[in-house]
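Student: Before we start, could you show me the chain we are going to discuss, so that I can ask how each term is justified?
Tutor: Here it is, and we will take the terms one at a time.

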Amino acid sequence: MSTPPTSKASNSTLEPSTSSSAAEAQTRISFFERFEADILSQRKTITLREWADAKVYPGQIIPVFTFETQRWFCDIQIISRQAIQFDALNSAHAEQENMPLAELKDLIQVIYPGISELFEIKFTLKTEC
Ligand SMILES: CC(=O)Nc1ccn([C@@H]2O[C@H](CO)[C@@H](O)[C@H]2O)c(=O)n1
């Protein structure tokens with residue numbers, strides 16, 4: 001059996017980047033199961049993540065899985081990704097999360113204790129099961 005040549009095509013679907021970060025783009029994203037219905041109905045159109053969990057780029061279409069059981073439930077297309085300070089979160093963010101601002105801020109501090117800089121990822125639904 002012959003050995004394949006060293007792979008150099010793993011990022012072939014990504015546009016050429018101006019920084020090195022696209023090389024680390026994640027190929028999937030997970031959400032807590034309790035947000036599945038909100039995502040499928042497009043009541044939830046953003047997510048707020050720490051840097052390590054926000055390596056997605058505008059135009060990318062990625063599959064979405066539940067955090068709990070890694071069950072696929074839709075694909076999303078990334079619209080934008082932008083840094084946001086925790087202290088700058090406002091009711092417009094909460095509305096796009098389909099939850100009250102106080103609840104959103106509490107939740108983020110449970111998921112990412114002490115975090116001050118987040119990334120807001122806007123997305124749109126591409127497919128659903
Ligand atoms: C499962 C996993 O790995 N991580 C996360 C992290 C965040 N979120 C949601 O993003 C918004 C702001 O953080 C809120 O709606 C969160 O609940 C999520 O669903 N899953």
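Student: Which residues does the record's domain annotation cover?
Tutor: The unreviewed UniProt entry carries the annotation "domain: ASCH", which covers residues 29-127. Please keep in mind that the model in front of you is predicted. Over residues 29-127 the chain is 23% helix and 38% strand, and the C-alpha atoms at the two ends are 14 Å apart.

Student: What makes Gln 70 partly exposed?
Tutor: Buried means under 20% relative accessible area and exposed means over 50%. Gln 70 has a relative accessible area of 38%, so Gln 70 is called partly exposed. The same reasoning applies to Gln 42, whose relative accessible area of 44% makes that residue partly exposed as well.

Student: Where do Gln 42 and Gln 70 lie?
Tutor: Gln 42 is in the loop that joins helix H1 (36-40) to strand E2 (46-49), whereas Gln 70 is in the loop between strand E3 (61-66) and strand E4 (72-85).

Student: What is notable about the phi of Gln 42?
Tutor: Most residues other than glycine have a negative phi. Gln 42 is not a glycine, yet its phi is positive, near 65°. Gln 70 also has a positive phi, near 55°, and this residue belongs to the hairpin of E3 and E4, which has five residues between the strands.

Student: How do you know that E3 and E4 pair?
Tutor: Two strands count as paired if at least two bridges are found between them. E3 and E4 have five bridges, in the antiparallel sense, and therefore they pair. As part of that pairing, Ile 61 stands opposite Gln 77 in E4.

Student: In which sense do strand E1 and E3 pair?
Tutor: Strand E1 (residues 29-31) pairs with E3 in the parallel sense, over three bridges. Ile 29 has Val 64 in E3 as its bridge partner.

Student: Which residues of helix H3 are buried, and why are they placed on one side of H3?
Tutor: In helix H3 (residues 101-111), Leu 104, Leu 107 and Ile 108 are buried. They cover an arc of only 100° around the axis, and therefore they are on the same side of H3. The face turned away from that buried side carries Ala 102, Asp 106 and Val 110, which are exposed.

Student: What makes an empty space a cavity rather than a pocket?
Tutor: In a cavity the probe fits but cannot get out, while a pocket is open. The structure holds one cavity of 30 Å³ or more, and the largest cavity has a volume of about 30 Å³. Among the residues that line the largest cavity are Ile 39, Gln 42 and Phe 123, and strand E5 (residues 117-128) gives the most to this lining, with three residues.

Student: How many residues line the second largest pocket, and what classes do they belong to?
Tutor: The second largest pocket holds about 240 Å³ of space and is lined by 17 residues, of which Phe 32, Thr 47, Arg 49, Ile 111 and Tyr 112 lie nearest its centre. E1, E2 and H3 are the elements that give two or more residues to this lining, and the largest share, four residues, comes from H3. By class, the lining has 11 nonpolar, two polar and four charged residues.

Technical notes: Residues numbered from 1 in each chain as written. Predicted model: local features only at pLDDT ≥ 70, side-chain atom pairs only at ≥ 80, totals over all residues. Heavy atoms only, no water. Buried < 20%, exposed > 50% of the residue type's maximum accessible area, 1.4 Å probe, protein only. Arc of directions from axis to C-beta. UniProt positions renumbered as here; feature names shortened; annotations may be inferred. 1 Å grid on protein atoms, 1.4 Å probe; cavity = no way out; pocket = protein on both sides within 12 Å on 5 of 7 lines; lining within 4 Å. Points joined across faces, edges and corners; volume = space filled by probe spheres on them. Nonpolar A, V, L, I, M, F, W, Y, C, P; charged D, E, K, R; others polar.
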